[in-house]
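Ready for a few warm-up exercises? Have a look at the sequence and the model, then try each task before you read its solution.

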Amino acid sequence: MEHSSIGSSGETVSAAITSRHSNRRFAPRPVDTGVVRDLVRLACAAPAPHHSRPWRFVAIESRIARERLTDAMADAWRADLQQTGRSVHDIQKLLMRSRGQIMDAPALLLACLSLENARHWPDQKRRAAERDMFVQSLGAALQNILLAAGERGLAGYLKGAPLFCADAVRRALDLPAAWQPAFLVLLGYPALGPPPPERSPLAFDDLLTER
């Protein structure tokens, strides 16, 4: 049996991977909540350690929840930027751009990591390796979302800001203490415009070593 097709268009898995680009410009068209739920179901087909499912997703649908999230993240980021000596003007510009991205995304997911099923090794070396396994599993789940979104005509990108203010994000959305906020997934139907730029040439021999 052949399983190379991922959609009715007959697009191959390889084509879906190579055609994926981060797209930050969305058309003013809503994304059905059923589509978002389907994307999360596909995310949960990702490989995971110990037969676990260490991913937790939050669909941030209400404007009130988005405002709480953006305000909390802005306060945390402002404090970090002030320590770097950035001007008030630069800080405000960065915060406004980030707020616009979050508020305007037709669909917004928060991806969190859960280590509840991780093994509690007695030494730090193995605990760190255990966490790395779970983090990489979350990355695989996020890739599933982006590829499946493309199959449905959606585009999107990942925003890693929650990693830098996890406590603020958790409080803003009233999340369980065990959930570790990691990435925002911003999704929507792509706006009309020029095609995305081509990727830079791949220095393949620098990335693959054979022994």
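Helices (H or I, at least four residues) and strands (E, at least two) are DSSP runs, numbered from the N terminus. This is a predicted model, in which local features need pLDDT of at least 70 and side-chain atom pairs count only at pLDDT 80 or more, while totals for chains, interfaces and linings use all residues. Residues are numbered from 1 along each chain as its sequence is written, and side-chain values use heavy atoms, with hydrogens and water left out.

**Exercise 1.** Find which helices each supply at least two residues of the lining of the second largest pocket.

*Solution.* Start with the term: on a 1 Å grid over the protein atoms alone, a pocket is an open set of points with protein on both sides within 12 Å along at least five of seven lines, and lining residues have an atom within 4 Å of a point. The helices you want are helix 3 (63–83) and helix 4 (88–104). Helix 3 gives the largest share, eight residues. Next, zoom in on the centre: of the 19 lining residues, Met-73, Ala-74, Trp-77, Leu-95 and Ser-98 are the closest to it.

**Exercise 2.** Work out what volume the largest pocket has, and which element gives the largest share of its lining.

*Solution.* Grid points are joined across faces, edges and corners, and a volume is the space filled by probe spheres set on the points. That gives about 530 Å³ for the largest pocket. Its lining counts 26 residues, and those closest to the centre are Ser-19, His-21, Asn-23, Ala-155 and Pro-196. Helix 1 (13–19), helix 5 (124–151) and strand 3 (155–159) each give two or more residues, with the largest share, four residues, coming from helix 5.

**Exercise 3.** Trace the open sheet and say in what order its four strands run.

*Solution.* Two strands pair if DSSP finds at least two bridges between them. The order is 1-2-4-3, with antiparallel pairing. Strand 1 (55–59) and strand 3 are at the edges with a single partner strand each, so one side of each has no neighbour in the sheet. Now follow strand 2 (residues 107–114) and strand 4 (residues 179–188): they pair over eight bridges. Cys-112 sits opposite Pro-181 in strand 4.

**Exercise 4.** Find which helix packs on the sheet, touching strand 2 and strand 4.

*Solution.* Contact means heavy atoms within 4.5 Å. The helix is helix 6 (residues 166–173). For its angle, axes are lines fitted to C-alpha atoms, for helices over the stretch in contact, and angles run from 0 to 180 degrees between N-to-C directions. The direction of helix 6 makes about 75 degrees with that of strand 4.

Note on methods. 1 Å grid on protein atoms, 1.4 Å probe; cavity = no way out; pocket = protein on both sides within 12 Å on 5 of 7 lines; lining within 4 Å.
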